[in-house]
Structures are given as C-alpha cells and as structure tokens.
Protein chains: 2
Amino acid sequence: MHAYVPASIRRLRQLVKGIPVGMLTTHATGGVAHSRPMLVNGVDESGWLWFITDRHSRKAWELGQNPQATISFQSTEGDRYVSVHGTAVVVRDNVKLKKLWNPTMRSWFPKGRRDPELVLVAVRIDSAEYWLVPRRRIARIAGAAKAMITGRREAGRHGVLDLHERIA
Amino acid sequence: MHAYVPASIRRLRQLVKGIPVGMLTTHATGGVAHSRPMLVNGVDESGWLWFITDRHSRKAWELGQNPQATISFQSTEGDRYVSVHGTAVVVRDNVKLKKLWNPTMRSWFPKGRRDPELVLVAVRIDSAEYWLVPRRRIARIAGAAKAMITGRREAGRHGVLDLHERIA
C-alpha cells in the first residue's frame, strides 16, 4: 500500500535527494539571522524536514523565539540549488527519534538516542524554490549566474513549489 | 605597495576562495526570509561582498526594506561551510561596476554594463562563521555532522570571525 504523496512534495524530495547537509537559517529576536550547516534526513512524505539537535543549542533557543526557518541546499555538482521555508517546532518524540537514529550517530551523541538532551527539530515546509543548472553546459557557472540574476528560463530552470494549500 | 588587510578579512577571503556561488538570504517585512543563489566576486580587502543585480529585482527591493543580509557558502568538496552576516546597500557605482564586469557577463546582461537597470549590492560583512571538515576523513559526512551538531573541535574546526571592531 502506498500513501498518497502530493506532487509538490514528491518533486521536493527528488530535488534534495543526495544532499546530506543543508544550511539552516534561524532568526533571533531583533531580526538578526543566523545560519549553520545541519545534517538533514531528507523531506518526509508529509513535507516535513527533521533534524536531531541538543535541547540547549542556540538553534533550539532561536526557533523557540521565532519558528520561521529557511533551509538551503546545494548539490555537490553545483547543478541544483534549493531553498525551503517553513515553521519549526522543537519536539521530543522517541518514536520518531528511533526511526531517524542510526548506529553511527552514537559517535556524535555518545550517550545514545535515550540521552534526554536530544530533541528533534521538525520543520513543516510551506514553500520551496529551486534553481537547476544544466550539467552539460561547459560554462556551468555562467549558466548558473544567468539563471540567478535574470531568472530567465533558457539558462536553466527555476521553480516555486507550494507544499500545502492555504486555508483562507 | 600592499594595503593593510586585517587578519580576519584575510582569513575570510581564503575561506570563500573558489566558491563562486553563495545563497543570499534577505528578509521581507513580516520577517519572512527569502534565499536565492547569487554569483559572488569574493570578499574584497575591506571586507565587503559585491553582487550585480537588477534594480527592480525582489532582492533589491527586500534589501531596501531591511538591509540585513546573510550569505552562505559551501565548497563543492563539502569540506567548508561559511556563513557571513552583514548590512547591504544597493548602489549604482559605475567605477566599481567596471571593475567587477567581465565580457562573459554580456550574455546575462545583454545591454552591457551601461544598462541603467544594473545596480550593485554591496554587503558590509560584520561577522562570519565557518565549519571545516577534514578532507581525509573517510566518513566525511559523519565528521561534518559531528562538528555541526556538537561543535566539538576534534571532528573539524569551527570558528567565528569578527570583521570590524565595534565602536561602542
């Protein structure tokens, strides 16, 4: 049995596939943004992004102050740039943590997944934007720049995904 | 004759060297962040970042509303992540534009550098933060994640650069 997954979420899951690290931007009070790289477990079939972090980390604190989060992804080949925006909640969910957990994480969290300091950041993605640069282009960066600066389609592809229909 | 360049700026210039594209995050009124990839000309010796854009682009408008800008960089090897924060001004400076301009840009801005629609975004960087992941690590991603999540030095290096002394 396959769960129904909206096309926009399926597309986003493809777009971030194989990109293990995203730059998470949070906003402290006063409007100053702060970014840091985070290991990402992809986008789930409901359009959520999950991170494991420490309850007392700066990111957990900032998301408690302001739940708006932006996560940027860049493929190693430089041919895909994705920016997603959503609302984050910091939760302790042992069932989900067990699902996300894998044995290699013990070297980062030596106390294991039962460490009460561990929490999950769950970001409900509202929208995503992406920029695709044709790989075959010799002047790849030139193509990227063109797509970026002018937004013209011929230099690559740029699109916007709305992940949830808005309820007015 | 060599101009004096503070150590923090020299370090940042090294850190973003060879990374041609950064993700620029701006903030619209209402606090919603918006990111997009931008071609970057590196950090200059005064600690400024420069982009060429269109006077009527969304980024120019958003920076006019709120000049706070964050730019994230990721090396293609995945061994360097840099996040810089600063204040942006949108300017038309023909001398600087001529310096930044190169002939290949004509394919993105077909009217050339004299096009009155072209403006420069100049970001005065206040601070930068970086995460270095040792290349030799076989489990590179594991190392990255450890540095990210725990901030421990043994898994890589993490540092903060203050680019300008604050005048109290």
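The paragraphs below walk through selected elements of a predicted model, moving from an enclosed cavity to the strands and helices.

A convenient place to begin is the enclosed space inside the protein. Two cavities of 30 Å³ or more are counted, and the largest cavity holds about 50 Å³ of space. Its lining draws on both chains, with Met23(A), Ser72(A), Phe73(A) and Gln74(A) contributed by chain A, and Met23(B), Ser72(B), Phe73(B) and Gln74(B) contributed by chain B. Strand 4 (68-74) of chain A and strand 4 of chain B each supply at least two residues of this lining. Sorted by class, the residues that line the largest cavity comprise four nonpolar and four polar ones, with no charged residue among them.

One of these lining residues, Gln74(B), can be followed further. Gln74(B) belongs to strand 4 (residues 68-74) of chain B, and because its relative accessible area is 8%, which is under 20%, it counts as buried. When neighbours within four places in sequence are left aside, Gln74(B) is in contact with Gln74(A) of the other chain, as well as with Ile19(B), Arg80(B) and Tyr81(B).

Helix 2 of chain B offers another buried position. Leu63(B) sits in this helix, which spans residues 58-65, and its relative accessible area of 3% places it among the buried residues, since the cut-off is under 20%. Apart from residues up to four places away in sequence, Leu63(B) touches Thr26(B), Gln68(B), Ala69(B), Ala88(B), Val90(B) and Val121(B). Val40(B), by comparison, is 23 residues from Leu63(B) in sequence, and the C-alpha atoms of the two residues are 17 Å apart in space.

In helix 1 (residues 7-15) of the same chain B, the buried residues include Ser8(B), Ile9(B), Leu12(B) and Leu15(B). These residues lie on the same side of helix 1 of chain B because they cover an arc of only 120 degrees around the axis. What the buried residues of this helix pack against is a set of strands of chain B, namely strand 5 (80-91), strand 6 (118-132) and strand 7 (157-162).

Turning to chain A, strand 3 (residues 48-54) is mostly covered, with five of its seven residues buried. This strand 3 pairs with strand 6 (residues 118-132) of chain A in the antiparallel sense, over seven bridges. As a specific example of bridge partners, Ile52(A) is matched with Leu120(A) in strand 6 of chain A.

Methods
Residues are numbered from 1 along each chain as its sequence is written. Chains are lettered from A and ligands numbered from 1 in the order in which they are written. This is a predicted model: local features need pLDDT of at least 70, side-chain atom pairs count only at pLDDT 80 or more; totals for chains, interfaces and linings use all residues. Side-chain values use heavy atoms; hydrogens and water are left out. Helices (H or I, at least four residues) and strands (E, at least two) are DSSP runs, numbered from the N terminus. Buried means under 20% relative accessible area, exposed over 50%, partly exposed in between (1.4 Å probe, protein chains only). Contact means heavy atoms within 4.5 Å. Two strands pair if DSSP finds at least two bridges between them. The arc is that of the directions from the helix axis to the C-beta atoms. On a 1 Å grid over the protein atoms alone, a cavity is a set of points where a 1.4 Å probe fits but cannot get out, and a pocket is an open set with protein on both sides within 12 Å along at least five of seven lines; lining residues have an atom within 4 Å of a point. Grid points are joined across faces, edges and corners, and a volume is the space filled by probe spheres set on the points. Ala, Val, Leu, Ile, Met, Phe, Trp, Tyr, Cys and Pro count as nonpolar, Asp, Glu, Lys and Arg as charged, and the others, Gly among them, as polar.
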